[in-house]
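I opened a fresh page for this chain. My plan was to take the aromatic rings, then the fold, then one odd backbone angle.

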Amino acid sequence: MFARNVSLRLKPNTLGEFTQILEKDVLPILRKQLGFRDEITFAAEGGTDVTAISLWDSKEQAETYSANAYPQVLKTLEKVIEGQPSVRGSTVINSTFHRIAAGKAA
């Protein structure tokens with residue numbers, strides 16, 4: 001399993017709008033992507049720093065999403081985010097929810 005970790009900063013007082021866009025527009029895009037498994041989104045206290053972690057069956061599927069659908073997601077979010085999000089990819093080595101053990105991920 002592979003994870004995309006996206007860190008972004010919201011414009012002040014837009015957390016509610018961001019949450020609505022995520023539910024209404026972004027998640028439906030993600031659910032259509034081959035290999036997409038889950039999305040977990042966190043907002044730090046104060047509501048401007050957000051981390052979104054999406055889980056994928058493979059690195060290649062996450063990269064396909066990044067190249068083909070992620071630009072549309074950014075366009076959808078442009079009215080609520082400041083600057084350019086930071087994106088990192090990682091191999092998932094453990095998930096109790098997805099029943100992944102360290103030995104299986106390597």
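**Aromatic rings.** I searched the whole structure, a predicted model, and got three aromatic pairs. I looked up one of them in detail. The ring centres of Phe36 and Trp56 lie 5.4 Å apart, with the planes at 70°. Edge-to-face starts over 60 degrees, so I logged the Phe36–Trp56 pair as edge-to-face.

Next I asked where in the chain Phe36 and Trp56 sit. Phe36 belongs to strand S2, residues 36-43. Trp56 belongs to strand S3, residues 49-56. The two are 20 residues apart, and I noted the pair as a link between distant parts of the chain.

Are Phe36 and Trp56 buried or exposed? Both came out buried. I then looked for further rings around them. One aromatic cluster takes in Phe36, Trp56, Tyr65 and Tyr70.

**Fold.** I listed the secondary structure and found four helices and four strands. Their order along the sequence is β-α-β-β-α-α-β-α. I checked the radius of gyration next: it is 14 Å, and the globule rule gives 13 Å for 106 residues. The two values are close, so I wrote the protein down as being as compact as a globular protein of that length. Along the principal axes, the C-alpha atoms fill a box of roughly 45 × 30 × 20 Å.

I turned to contacts. Of those with a separation of 6 or more, 66% join residues 24 or more positions apart.

**Burial and surface.** How much of the protein is buried? I noted 42% of the 106 residues. The exposed area is about 6,500 Å², and carbon and sulfur atoms supply 50% of that area.

I also tallied charges. There are 13 positive and 12 negative ones in the protein. I compared their mean positions, which are 4 Å apart.

**Backbone check.** I went through phi angles and stopped at Asn13. Its phi is near 65°, a positive value in a residue that is not glycine. I wanted to know where Asn13 lies. It sits in the loop between strand S1 (2-10) and helix H1 (15-31).

Last, I looked up its accessibility. Asn13 has 83% relative accessibility. The cut-off for exposed is over 50%, so Asn13 goes down as exposed. I set that beside Phe36 and Trp56, which I had logged as buried.

Key. Residues are numbered from 1 along each chain as its sequence is written. This is a predicted model: local features need pLDDT of at least 70, side-chain atom pairs count only at pLDDT 80 or more; totals for chains, interfaces and linings use all residues. Side-chain values use heavy atoms; hydrogens and water are left out. The radius of gyration is taken over C-alpha atoms; the globule rule is 2.2 Å times the number of residues to the power 0.38. Buried means under 20% relative accessible area, exposed over 50%, partly exposed in between (1.4 Å probe, protein chains only). Contact means heavy atoms within 4.5 Å. Accessible areas come from the Shrake-Rupley method with a 1.4 Å probe; for residues, only the protein chains shown count as cover. Lys and Arg count as positive and Asp and Glu as negative; His and the chain ends are not counted. The place of a charge is taken as NZ of Lys, CZ of Arg, CG of Asp or CD of Glu. Rings of Phe, Tyr and Trp (its six-membered ring) pair if their centres lie within 6.5 Å; planes under 30 degrees apart count as stacked, over 60 as edge-to-face and the rest as tilted.
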